[in-house]
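Visitor: Good morning. Could you take me through this structure step by step?

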Protein chains: 2
Amino acid sequence: METGQRGDQRTAAQRRRTELLEAAERVVLRDGPEASMNAIAAEAGITKPILYRHFGDKSGLYRALAKRHTDALLATLRAALDSPGDRRDRVEATLHAYLSAIETRPQVYRFLMHPAEAPSDEKGFDVGRHSVPLLRRMGEDLGEVIAERLDLGPDTRQVARVWGHGIVGMMYAAGDWWLGERPLSRDLLVRHLADLLWGRLAETGDRAGSRGL
Amino acid sequence: METGQRGDQRTAAQRRRTELLEAAERVVLRDGPEASMNAIAAEAGITKPILYRHFGDKSGLYRALAKRHTDALLATLRAALDSPGDRRDRVEATLHAYLSAIETRPQVYRFLMHPAEAPSDEKGFDVGRHSVPLLRRMGEDLGEVIAERLDLGPDTRQVARVWGHGIVGMMYAAGDWWLGERPLSRDLLVRHLADLLWGRLAETGDRAGSRGL
DNA sequence: ACATGCTAGTTACTTGCGGTAACAGCAGTC
DNA sequence: GACTGCTGTTACCGCAAGTAACTAGCATGT
């Protein structure tokens, strides 16, 4: 909000900024996150120093880029969390929303989560570190929702935060694995995860002859 | 033949390799994962090309470095999974083992998981991409254990893998958040996570006046 | 009209890193 | 002694991040 008012002037720099972000996005989605600042600048039809004026450094650019998608994804999840039905329905809807998001735009997902690893390039290695912000924000958000809606005793807030981060992590790791191998349908994955959350781990009996989990 | 001398000759390269790895570890733990190959070589008392002869490229070195710790951590977790007591005890023991590991050696943990983010340097940015291997391996391992010990119906193996990755992700994200903020004791964290796994989410009633989770 | 200042843009550079040639000494081995 | 193989070196390439210094337009205040 430190933008000087000035009406139309105000948006001039802002608009340019989003133009640059869109160009950057195009390049990142095409070349992967190891895209050079030069390449991004070229795509935007300008040269490096301007990028630096707008975003400070590469990290700043990437953060700005990540923020857009993070915000969008969080909004989607929030909506799913408010969907109709009983609790289990809502949980499944949220899982579906997340998995569907990463499934339909894996490029974006890879950028947000582990920005290295080019598709056809096996030796992928490089830059990044945006996953933490996204994961954290999702965890905190979910924690808040849980704290709002559930009564978990005296330290509800604390428990809710733990659960928020835990559930998000579950969703994240399972989703990441699933996206890589696709060994089952999304429906099934959602059902199994919801089962896990619904305490089926505790209820299931030991396998005959095993020491028991 | 000369395989005598306890295979000194045979292990000569191997020993050198581990020496280099130890030097690399020292540097990485001191300077963070953005340590340069030059710095690592200097610490080992040699120069770059030798590192490249041994590890191919930087990614190779880091993989080798990561593998040692990953193997160690996995062994620890396996042991915890075999600890005495009932299932809940074992689950809690495993969570404790993991959290204790990341708590006592956060530097190593940061390197394995998100190799950027220098301690005092907020704008941290750089290299890495080892988290996936560790997370995946933990998930697969846990999935195997679950499949061995639980009977989850016709497609036990699939469900077990989903759960393995899910639980590991839960542990990971909650642990990562906890390590950063430390808002509660490890004991409590473990209990809350175990509660979550034990289906308390499903059992808990809605908060009065809320739409319900 | 003129200097002034602001903003978007440029070229050309420095620094530092990953990675590689090419070469040097020094085992042992036929 | 010549051959091979290992460990080590110096000196370089290419490339990407980031910066300094300058230029062109375009509004102003007096």
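Guide: The conversation below goes from the DNA strands to some individual residues.

Guide: This is a predicted model, in which local features need pLDDT of at least 70, side-chain atom pairs count only at pLDDT 80 or more, and totals for chains, interfaces and linings use all residues. Residues are numbered from 1 along each chain as its sequence is written, chains are lettered from A and ligands numbered from 1 in the order in which they are written, and side-chain values use heavy atoms, with hydrogens and water left out.

Visitor: Which residues come nearest to DNA strand D?

Guide: There are 14 residues around DNA strand D, and Lys48(A), Tyr52(A), Lys58(A), Thr47(B) and Arg53(B) come nearest. A residue is near a strand if one of its heavy atoms lies within 4 Å of it.

Visitor: What kinds of residues make up that surface near DNA strand D?

Guide: The surface near DNA strand D has seven nonpolar, two polar and five charged residues. In this scheme Ala, Val, Leu, Ile, Met, Phe, Trp, Tyr, Cys and Pro count as nonpolar, Asp, Glu, Lys and Arg as charged, and the others, Gly among them, as polar.

Visitor: And which part of the DNA is on the other side, sugar or phosphate, or bases?

Guide: Of the atoms of DNA strand D within 4 Å of the protein, 47% belong to sugar or phosphate, and the rest belong to bases.

Visitor: Which residues have polar atoms by a phosphate oxygen of DNA strand D?

Guide: Three can be named here. A polar side-chain atom of Thr47(B) is 2.4 Å from a phosphate oxygen of DNA strand D, and for a polar side-chain atom of Tyr52(A) the distance is 3.4 Å. Met37(A) uses a polar backbone atom, 2.8 Å from a phosphate oxygen of this strand. A polar contact is a pair of N or O atoms within 3.5 Å; within protein, one must be able to donate a hydrogen and the other to accept it, and residues adjacent in sequence count only if both atoms are side-chain atoms.

Visitor: Which elements give two or more residues to that surface?

Guide: They are helix 3 (48-55) of chain A together with helix 3 (48-55) of chain B. Helices (H or I, at least four residues) and strands (E, at least two) are DSSP runs, numbered from the N terminus.

Visitor: Now for DNA strand C. Which residues come nearest there?

Guide: Of the 13 residues around DNA strand C, the nearest are Thr47(A), Arg53(A), Lys48(B), Tyr52(B) and Lys58(B). Sugar and phosphate make up 43% of the atoms of this strand that come within 4 Å of the protein.

Visitor: Which phosphate contacts are there on DNA strand C?

Guide: Among them is Thr47(A), with a polar side-chain atom 2.4 Å from a phosphate oxygen of DNA strand C. An N or O atom in the side chain of Arg16(A) is 3.1 Å from a phosphate oxygen, and a backbone N or O atom of Met37(B) is 3.0 Å from one. Helix 3 of chain A and helix 3 of chain B are the elements that give two or more residues to the surface near DNA strand C.

Visitor: What does UniProt list for residues 36-55 of chain A?

Guide: An unreviewed UniProt entry lists residues 36-55 of chain A as "DNA-binding region". UniProt positions are given in the numbering used here, feature names are shortened, and annotations may be inferred rather than shown by experiment. In the model, this span is 75% helix and 0% strand, and its end C-alpha atoms lie 14 Å apart.

Visitor: A change of topic: how many aromatic pairs are there?

Guide: Over all chains, a search of the whole structure finds three aromatic pairs. One of them is a tilted pair of Tyr172(A) and Tyr172(B), with 6.1 Å centre to centre and 35° between the planes. This pair crosses between chains, from helix 8 (residues 156-181) of chain A to helix 8 (residues 156-181) of chain B. Rings of Phe, Tyr and Trp (its six-membered ring) pair if their centres lie within 6.5 Å; planes under 30 degrees apart count as stacked, over 60 as edge-to-face and the rest as tilted.

Visitor: Is Tyr172(A) buried or exposed?

Guide: Tyr172(A) is buried, with a relative accessible area of 4%. Buried means under 20% relative accessible area, exposed over 50%, and partly exposed in between (1.4 Å probe, protein chains only).

Visitor: Where does Arg87(A) lie, and what is by its side chain?

Guide: Arg87(A) is in helix 5 (residues 87-104) of chain A, and it counts as buried at 11% relative accessibility. A polar atom of its side chain lies 2.5 Å from the backbone oxygen of Leu201(B).
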